[in-house]
Amino acid sequence: MPEVIFNGPAGRLEGRYQPSKEKSAPIALILHPHPQFGGTMNNQIVYQLFYMFQKRGFTTLRFNFRSIGRSQGEFDHGAGELSDAASALDWVQSLHPDSKTCWVAGYSFGAWIGMQLLMRRPEIEGFMSIAPQPNTYDFSFLAPCPSSGLIINGEADKVAPEKDVNGLVEKLKTQKGILITHRTVPNANHFFNGQVDTLMAECEDYLDRRLNGELVPEPAAKRIR
């Protein structure tokens with residue numbers, strides 16, 4: 001798995017990158033938890049998500065946001081990190097011009113950044129938001145959410161309480177033309193201590209079903225002219 005350095009908005013960014021053998025394979029971008037609370041691209045969940053997509057033939061990239069590891073720059077409270085994610089996707093796409101679609105998967109802070117990237121990039125056709133924090137971060141920009149995806153959280157998460165995640169899910173589920181799948185890992189905390197295997201099994205099941213053409217939203221009703 002090649003270590004890569006590419007240019008970001010605030011200097012160089014460090015990543016791990018695995019190209020698919022297929023030129024037109026979809027891209028998967030994996031985003032890590034909060035940089036100021038120990039989040040890096042080597043987080044266990046980020047690492048496992050990377051391999052989950054790679055095993056299914058995706059061209060896959062995870063990287064360190066600015067200020068982490070060998071990535072340059074200073075923490076920027078989300079705005080700069082969103083620019084980092086956009087630059088990371090640009091970089092992969094420049095190497096894979098035949099790839100037309102993309103998935104984004106983010107954990108905690110990375111889930112918030114991933115959902116913002118989703119709003120800006122129409123080629124993102126699927127997302128995974130793991131332990132998002134609607135009690136901490138504003139998700140009102142999802143109006144409307146443009147793609148179907150998975151939101152998954154821990155039942156015993158005190159960082160992002162279940163009632164707040166449920167509120168976000170209910171809001172997004174009212175939108176037409178997309179399908180939001182929600183899963184809760186029983187007894188799991190924000191870090192999924194002792195439950196990472198259960199978390200990953202849910203993510204793998206969701207991805208496999210999407211790749212098999214399942215979980216298709218009902219078509220939006222046609223307007224009567």
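**Exercise 1. Strand 6**

Task: In this predicted model, determine how many of the 7 residues of strand 6 are buried and what follows for the strand's surroundings.

Solution.
Step 1. A residue counts as buried when its relative accessible area is under 20%.
Step 2. By that cut-off, 6 of the 7 residues of strand 6 are buried.
Step 3. Strand 6 is therefore largely enclosed by the rest of the structure.

**Exercise 2. Partners of strand 6**

Task: State in which sense strand 6 (124-130) pairs with strand 5 and with strand 7, and over how many bridges.

Solution.
Step 1. Strand 5 (102-107) runs parallel to strand 6, and 6 bridges join the two. Valine 104 has phenylalanine 127 of strand 6 opposite.
Step 2. With strand 7 (residues 148-154), strand 6 again pairs in the parallel sense, over 5 bridges. Here glycine 126 faces serine 148 of strand 7.
Step 3. The connection from strand 5 to strand 6 contains helix 3 (residues 109-120), and these three elements make a right-handed β-α-β unit.

**Exercise 3. The sheet and its edges**

Task: Give the strand order of the sheet and identify which strands stand at its edges.

Solution.
Step 1. The order of the 8 strands is 1-2-4-3-5-6-7-8, in an open sheet with mixed pairing.
Step 2. Strand 1 (3-8) and strand 8 (180-185) are at the edges; each has a single partner strand, so one side of each lacks a neighbour in the sheet.
Step 3. From one strand to the next, the twist averages 20°.
Step 4. Strand 8 is joined to strand 7 by parallel pairing over 6 bridges, with valine 185 as the bridge partner of glycine 154.

**Exercise 4. Helices across the sheet**

Task: Find which strands helix 1 and helix 4 lie across.

Solution.
Step 1. Helix 1 (residues 44-55) lies across strands 2, 3, 4, 5 and 6, at about 165° to strand 4.
Step 2. Helix 4 (residues 162-173) lies across strand 7 and strand 8, at about 165° to strand 8.

**Exercise 5. Helix 5**

Task: Which residues of helix 5 are buried, and where do they lie around the axis?

Solution.
Step 1. Helix 5 (residues 196-211) spans 22 Å between its first and last C-alpha, close to the 22 Å expected for its 16 residues.
Step 2. The buried residues are Val196, Leu199, Met200, Cys203, Tyr206, Leu207 and Arg210.
Step 3. These residues cover an arc of only 125° around the axis, which puts them on the same side of helix 5.
Step 4. Their cover includes helix 1 and strands 5, 6, 7 and 8.
Step 5. After helix 5 comes glycine 213, with a positive phi near 85°.

Terms used. Residues numbered from 1 in each chain as written. Predicted model: local features only at pLDDT ≥ 70, side-chain atom pairs only at ≥ 80, totals over all residues. Heavy atoms only, no water. Pairing = 2+ DSSP bridges. Helix = DSSP H or I, 4+ residues; strand = E, 2+ residues; numbered from the N terminus. Axes fitted to C-alpha atoms, helices over the stretch in contact; angles between N-to-C directions. Contact = heavy atoms within 4.5 Å. Expected span 1.5 Å × (residues − 1). Buried < 20%, exposed > 50% of the residue type's maximum accessible area, 1.4 Å probe, protein only. Arc of directions from axis to C-beta. Right-handed = clockwise from strand over helix to strand, strands pointing away.
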